[in-house]
Amino acid sequence: MVLSHLGPWLGFSKTQPPHPLLLHTCAHTPCLGRWNQQHENLEKLNMQAILDATASQGEPIQELLVTHGKIPTLVEELIAVEMWKQKVFPVLCRLEDFKPQNTFPIYMVLHHEASIINLLETAFFHKEVCESAEDTILDLVDYCHRKLTLLVAQSGHGGPPEEEESQYGTPMQELQKQAELMEFEIALKALSVLRYITDCVDRWAVLLSMGPAVEGWEPGPVASAHLSIPVPSLSLSTLSRMLSTHNLPCLLVELLEHSPWSRQEGGKLQQFESGRWQTVFPSEQQKLSKLDGQVWIALYNLLLSPEARARYCLTSFARGQLLKLRAFLTDTLLDQLPNLADLQGFLAHLALTEAQPPKKDLVLEQIPEIWERLERENRGKWQAIAKHQLRHVFSPSEQELRLQARRWAETYRLDVLEAVAPEQPRCAYCNAEASKRCSRCQNEWYCCRECQVKHWEKHGKACVPAAQDDRAK
């Protein structure tokens, strides 16, 4: 089954990845069919990878992607969809003839990016995948940086919209709200991918050949214990990209400060998990969230790795930003992540040292090329791509739409989606474990009939239109 889903990817040349179908200027119906088939297979791979990881059945998907050199292909496709969203989609929406009766085909294109980043998140948990990305690891680092920068910039605007709070305007207005929520979730996945990339910094071999970057500081016993096992190291160009070009440690500090995945709503703390905002009970508010943990581990890797510390210039700005971390390093946090005691020691010593002047060394390094290449190949063609896709991709006949809807329904079977779900569904009203689903829209879960009745005043606004939309599809 795995090979049947991976088949379309195996036909691509390792050294010459395919031109992304979304950026074709000669898109036609067969091209749309190929793209739909490609997305279906990718989504099945994605679900199978999650099932394998959840059931601890080994990682055949990850092994096949590495063996056949398909990680670079996934990275290129990811960036191509991102470029389509930024360059083609806005032009498409401004076209006078763009009046879609059904936005489902557009939604699936937007969802394609989420599928790819989710598959990469699952795969990059394994360090050998980072090495198999080859030069595209630079492009992936840039992609993650763009997503996290946008996440920080939007953190003061209350986070993504709630689907339930939608007023159900035009189909395009609804699509825009869904796209905003999806973009938020994609950024959170990018954070996890970036953290896994930082895991690949070699913290062992370099320790034998160079001293610590902050004079007088040495790693404590916890860090030393972790330095005994070598792992694949990142290239110097990748390290330079993360530390000098993008200054990721300072960006991660901003993420901790703003914590865009947490908010106060009606006097209650909520955190964004499993695709929705969930209330955190007082007894669990001191528990470290998964996303906060990802940020702390990435900071630990970038600041305590000898190779990274040797290349990170602790200017007055960087020093000031990093010292903000001391306020977050409480005893409760250290109990949950004991390794951070070494980070606390590093910051204590950093507070006593002088800032370093900016480095002026001339460094020759690789630069990411996918975004620049795709933009160069399609410069001046965005209008033509949008017009052609309007006629041949996003204006399907009713028969074509019904056929594709049946294919998607088979791909996203409820029994498969429930098996992929990372945890037991939660009641939409009281957040307890739920076993009953709204029979009309199939979107909300409840622990009992009483909670469903109490929640209907809020859920009813979304339930009826959602059920009608499903029937229309």
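This passage describes the overall make-up, the nonpolar cores, one buried histidine, one hairpin and one annotated domain of a predicted model.

The protein contains 21 helices and five strands. Of its 473 residues, 50% are buried. The exposed surface amounts to about 23200 Å², and carbon and sulfur atoms contribute 52% of that area. Among contacts between residues at least 6 apart in sequence, 78% link residues that are at least 24 apart.

In soluble globular proteins, nonpolar side chains tend to be buried together. In this model, the largest nonpolar core has 105 residues, and the members touching the most other members are Phe 124, Leu 140 and Ile 197. Helix H8, which spans residues 171–198, supplies the largest share of this core, with 14 residues. When residues up to four places away in sequence are not counted, Leu 140 touches Val 75, Leu 78, Leu 120, Phe 124, Val 193 and Ile 197. Two of these partners, Phe 124 and Ile 197, are thus named with Leu 140 among the core members that touch the most others. A second core, separate from the largest one, consists of nine residues, among them Ala 434, Cys 438, Cys 451 and Cys 463.

His 246 lies in the loop that runs between helix H10 (236–245) and helix H11 (248–258). The relative accessible area of His 246 is 14%, so this residue falls under the 20% limit and counts as buried. The side chain of His 246 makes a polar contact of 2.7 Å with the side chain of Asp 142. Apart from neighbours within four places in sequence, the residues in contact with His 246 are Val 141, Asp 142, His 145 and Arg 241. Asp 142 therefore appears both in this contact list and as the polar partner of His 246, because contact here means heavy atoms within 4.5 Å.

Strands S2 (residues 268–273) and S3 (residues 276–279) are paired in the antiparallel sense, with four bridges between them. The two strands form a hairpin, and two residues separate them. Ser 274, in the turn, has a positive phi of about 55°. Glu 273 is placed opposite Arg 276 of S3.

An unreviewed UniProt entry annotates residues 427–463 as "domain: MYND-type". Within this span, 41% is helix and 11% is strand. The C-alpha atoms at the two ends of the span are 15 Å apart. The second core includes Cys 463, the residue at which the annotated span ends.

Methods: Residues are numbered from 1 along each chain as its sequence is written. This is a predicted model: local features need pLDDT of at least 70, side-chain atom pairs count only at pLDDT 80 or more; totals for chains, interfaces and linings use all residues. Side-chain values use heavy atoms; hydrogens and water are left out. UniProt positions are given in the numbering used here, feature names are shortened, and annotations may be inferred rather than shown by experiment. Two strands pair if DSSP finds at least two bridges between them. Buried means under 20% relative accessible area, exposed over 50%, partly exposed in between (1.4 Å probe, protein chains only). Accessible areas come from the Shrake-Rupley method with a 1.4 Å probe; for residues, only the protein chains shown count as cover. A polar contact is a pair of N or O atoms within 3.5 Å; within protein, one must be able to donate a hydrogen and the other to accept it, and residues adjacent in sequence count only if both atoms are side-chain atoms. A nonpolar core is a set of buried Ala, Val, Leu, Ile, Met, Phe, Trp, Tyr and Cys residues joined through side-chain atoms within 4.5 Å.
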